[in-house]
Amino acid sequence: MKKNKVSIIEKTLNSISNRKRAPVAGFFALLILYFVATFLTSSLAGAQGSIKIVGSSVQVYAFAGVFAALANICIIFMVLFYGKLGFRIAMIALCIQIPMISMGIFVRKNLSSLSGLFTDIFTIIAIILLQKNNERMDRYQEKLRDQAINDMLTQLPNRFACSELVNDLIKRGEKFTAVSIDINHFKSINDSIGFNAGNAVLIEIASRWKTIADSGLSGTLDFITRLSGDEFALIIRDYRSDEDIIKTIRQYESALSNRVTIDDCDLYITASFGYAEFPTDADNLNSLFSYSDAAMSESKRLNSSDHIMRFTPDLLKAGRSLEIERKIRAALEDDTIYFNLQPQFDLEHKLRGFEALARMKDSDGNNISPGEFIPIAEKVGLVDKIDGTVFRKSAEFFGTLLKKSPAPDVILSVNVSVRHLMKNDFLDEMREIVRTSGVPASQLEVEITESIMIDSAEKALECILELKRMGMKIAIDDFGTGYSSLSYLNKFPADLLKIDKSFIDKMNANESSKKYVAAIISIGHIMNFDVISEGVEQPEQLETLREIGCDFIQGYIWGRPLSPDDAEAVYMGAV
Ligand code: C2E
Ligand code: CA
Ligand code: CA
C-alpha cells in the first residue's frame with residue numbers, strides 16, 4: 001500500500017550512500033568502440049601490404065594488435081564502471097569470440113590467431129577476478145550503508161536516517177508530524193532485570209512498531225526510528241487532521257498493551273508521546289524536535305493516563321513551574337483552593353463515599369490540573385498546605401451533610417502527600433480537623449500512594465498507625481505502580497487497596513492482564529483489604545470487575561469529580 005510514497009523514503013535512504021553509477025551513454029560508447037575495434041582487428045589480421053611511418057615501413061596486419069588491445073580495454077572499462085551488466089556483456093562478447101578464433105586456428109590452420117585466443121582467455125580470467133573484487137566492494141559498501149543508517153540493536157533506521165528524511169521533507173515543503181517517544185520507567189527495567197534484558201525489551205518494542213509502520217495499517221504513512229537509548233521518533237505523513245495523527249499514535253501506544261515477556265519476566269510497558277507539526281509548529285528540524293521533545297517531557301511529567309501530548313507554545317514559557325508556584329501561593333493566600341468530590345460505589349451501585357480532589361483556577365478562570373500543580377507544590381514544600389485546605393474544607397462540607405442526613409457508612413477520602421505526613425504537626429492538624437468538622441474519624445479515610453510508603457517506610461508507618469488508633473481508615477493509592485513486596489504490604493495497616501487506572505485501562509486487552517487484576521484483588525482480600533478499582537469508564541470493565549470479585553469502583557462510568565452541590569445531590573439520593 002502507498003508504494004509510491006514509501007519509495008520516496010527508500011530513495012532518500014538509498015541516496016545517502018549509494019555509489020554514483022557512470023552515465024549510460026558511456027556504456028554504449030564503449031560497446032560501439034569495442035565492436036569497431038574487434039571488426040578492425042579481424043579485418044587487419046589477414047591484410048597484406050605495408051605503410052610508411054616516420055620513414056620505416058610497417059606491415060598493415062601489425063595494427064591488428066593495437067585494435068585488439070583497444071577492444072580489451074573497452075571490455076575492462078565496462079566491467080570496472082558498469083558492474084554486473086558490464087560484466088555480463090563483456091563475458092558474452094568474449095565467449096562469442098572464442099569459437100570464432102578457434103575456427104581460424106583449427107579449420108583454416110591460421111596459427112597467427114593463437115595469440116588472440118590466449119588474449120581472450122586471459123581477459124576472461126582478468127574480468128572474472130575484477131568482477132569478484134567489485135562484488136566484494138559492493139558488499140562492503142552495503143554494510144557501511146546499513147551501519148550508517150540503521151540502528152544496530154533494533155535494526156530500525158537511526159537518528160541520521162531520520163534527519164535525512166526530515167530535511168528532505170522540509171526541503172520539499174511537505175506537511176508532516178514529528179513524534180518524540182520515550183519508554184516510561186525504562187531505567188528501572190534496566191536496573192531490575194539487567195542490561196541485556198533491557199535490550200531485549202527495546203528489540204521487541206521496535207519490532208512491534210516496525211510491523212505497524214511497514215503494514216500501513218495506521219492509515220497514514222509512518223517512519224519509525226530509534227534515536228538512542230529508549231528514545232524513538234516517529235514521522236507521520238499523509239494525514240488530514242489532528243485526529244488522524246492521534247489515531248496513528250494510539251496504534252503505536254496500543255502495540256505496547258500486550259505484555260513483553262523477557263527471561264520469564266512479564267513486563268508491562270508504556271511510553272510517552274509528544275508531537276509537533278511541520279510547518280505549523282516549527283519550520284526547521286531542530287525546533288521541530290525540541291518542540292516534540294518538550295511535549296513528550298510534559299506528558300511524562302504530568303504522569304496522566306493519557307500519554308499523548310501535542311506541542312503548544314505554552315510549553316516553551318520558561319519557568320512554567322515558577323508561574324504555577326506563584327499561582328499556588330496566591331491561591332493559598334486568597335484561600336481559593338477548592339475541592340471536587342468523586343463518588344465511589346460498590347458493584348451494586350450503592351454509594352461507598354467520596355474522594356476529595358484538589359482544584360485550582362488561574363486568574364483567567366481556567367482550571368489548572370492537579371496533575372500539574374500537585375507535583376510542583378510537593379517540590380516547593382506547599383503540598384501540606386493544599387492537602388490541609390482540601391481536607392479542612394471537604395470535611396467541613398461533609399460534616400454538614402452528615403448533620404442534614406446521617407449516613408454512618410459513607411466515607412470521605414482525602415489524599416495526603418508524604419511531605420505532609422512527615423511534618424511534625426501532621427497528627428495535631430488531623431485531630432483538629434476531625435474535631436471541628438464533626439465527622440466521626442471512622443468515616444474519614446486517608447489515601448497514601450504506594451511508592452511513597454515504600455520510600456519513607458518507618459516514620460510514615462508510625463503516623464499511619466496513629467491515624468488508625470484515632471479510628472481513621474487508610475487507603476493505599478495508585479496500587480500497582482510502585483514495587484511493594486508482599487511482606488511489606490502485610491505489615492501495613494491498610495483498609496483499602498486502590499488499583500491504579502492504568503491496570504483497569506488495559507484489563508480487557510487480553511486474558512493475562514485480566515488475571516493480573518484478579519490476582520491483585522485476591523491478594524488484597526487475603527490481607528483483609530477491600531479493593532477499589534480507579535478510572536472505570538466502560539461497561540465491559542465494570543462487568544469484568546464484577547466477575548473477578550472487585551469490591552468497589554471509582555470512575556467516570558458512575559461519577560466524575562463533582563462540585564459540592566452535585567455531590568450533595570448524589571449523597572441525598574443515596575441515603
Ligand atoms: P488520584 O488520587 O489517583 O485521583 C484520581 C484521579 O483520577 C483524579 O484526577 C480523577 O479525576 C481521575 N479519575 C477518576 N476517575 C477517572 C476516570 O474514569 N477516567 C479518567 N480519565 N480519570 C479519572 P485529578 O483530580 O486530576 O487528580 C490527579 C491527581 O492529583 C490525584 O490522583 C492525586 O494524586 C493528586 N491530587 C488531587 N488532589 C489532591 C490533594 O488534595 N492532595 C494531594 N496530595 N494530591 C492530590
Ligand atoms: Ca487518590
Ligand atoms: Ca489513584
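1. Let's start with one pair of charged side chains. K501 and E537 make a salt bridge, and their closest N and O atoms are 3.9 Å apart. The cut-off for a salt bridge here is 4 Å, and keep in mind that this is a predicted model. K501 sits in helix α18 (residues 501-506), while E537 sits in the loop between β17 (530-534) and α20 (539-547), so the bridge links distant parts of the chain, 36 residues apart. E537 has a relative accessibility of 36%, so it counts as partly exposed. You'll meet E537 again, since it is listed among the closest residues to ligand 1.

2. Now for ligand 1 itself. It is surrounded by 21 residues, and the closest are Q342, R359, D387, E537 and Y556. Sorted by class, that shell holds eight nonpolar, five polar and eight charged residues. If you'd like to trace the shell on the fold, look at β11 (351-361), α11 (370-379), α12 (383-404) and β15 (473-479), each of which supplies at least two residues. The largest share belongs to β11, with four residues.

3. Which atoms of ligand 1 come within polar reach of Q342, D387 and E355? For Q342, a side-chain N or O atom is 2.9 Å from a nitrogen atom of the ligand. E355 places a polar side-chain atom 3.2 Å from an oxygen atom of ligand 1. With D387, the distance from a side-chain N or O atom to a ligand nitrogen is 2.5 Å. As for cover, ligand 1 on its own has 790 Å² of accessible area, and the protein covers 81% of that.

4. E355 has a second role to point out, at a metal. The calcium ion (ligand 2) is coordinated by E355 (OE), N415 (OD1), E447 (OE) and D477 (OD), at 2.1 to 2.3 Å. Along the sequence, these donors follow the spacing E-x59-N-x31-E-x29-D. Two of them, E355 in strand β11 and E447 in strand β14 (residues 444-449), are 92 residues apart, and the pair links distant parts of the chain. Are these two glutamates buried or exposed? E355 is buried, at 3% relative accessible area, and E447 is buried too, at 1%.

5. The calcium ion (ligand 3) is worth viewing alongside. Its protein donors are D477 (OD), D478 (OD) and E534, the last of which is listed twice (OE and OE), and they lie 2.2 to 2.6 Å from the ion. The spacing along the chain reads D-D-x55-E. D478 in strand β15 and E534 in strand β17 are 56 residues apart, another link between distant parts of the chain. D478 counts as partly exposed at 24% relative accessibility, whereas E534 is buried at 12%.

6. So what connects the two calcium ions? D477 coordinates both of them, and the ions are 4.0 Å apart. It's a handy residue to pick out in the viewer, as D477 appears in the donor list of ligand 2 and in that of ligand 3.

7. E447 also deserves another look, away from the metal. It forms a salt bridge with K498, and the closest N and O atoms are 2.6 Å apart. K498 lies in strand β16 (residues 496-499) and E447 in strand β14, so this bridge ties together parts that are 51 residues apart in sequence. K498 is buried, with a relative accessible area of 0%, and its partner E447 is buried at 1%.

8. For a local case, try E204 and R208. Their side chains meet in a salt bridge of 2.7 Å, N to O. Both residues belong to helix α7 (residues 195-215) and sit four residues apart, about one turn of the helix. E204 counts as partly exposed at 28% relative accessibility, while R208 counts as buried at 17%.

9. Last, a word on salt bridges overall. Side chains of opposite charge can pair when their charged atoms come close. How many salt bridges does the count give? The total comes to 34. Some of them join up: D168, R172, E174 and R237 are linked in a network of salt bridges.

Definitions and conventions: Residues numbered from 1 in each chain as written. Chains lettered and ligands numbered in written order. Predicted model: local features only at pLDDT ≥ 70, side-chain atom pairs only at ≥ 80, totals over all residues. Heavy atoms only, no water. Near = heavy atom within 4 Å. Polar contact = N/O pair within 3.5 Å; in protein donor to acceptor, adjacent residues only side chain to side chain. Areas by Shrake-Rupley, 256 points an atom, 1.4 Å probe, with all protein chains shown as cover. Nonpolar A, V, L, I, M, F, W, Y, C, P; charged D, E, K, R; others polar. Donors = N, O, S within 2.8 Å, 3.2 Å for Na, K, Ca; no water. Buried < 20%, exposed > 50% of the residue type's maximum accessible area, 1.4 Å probe, protein only.
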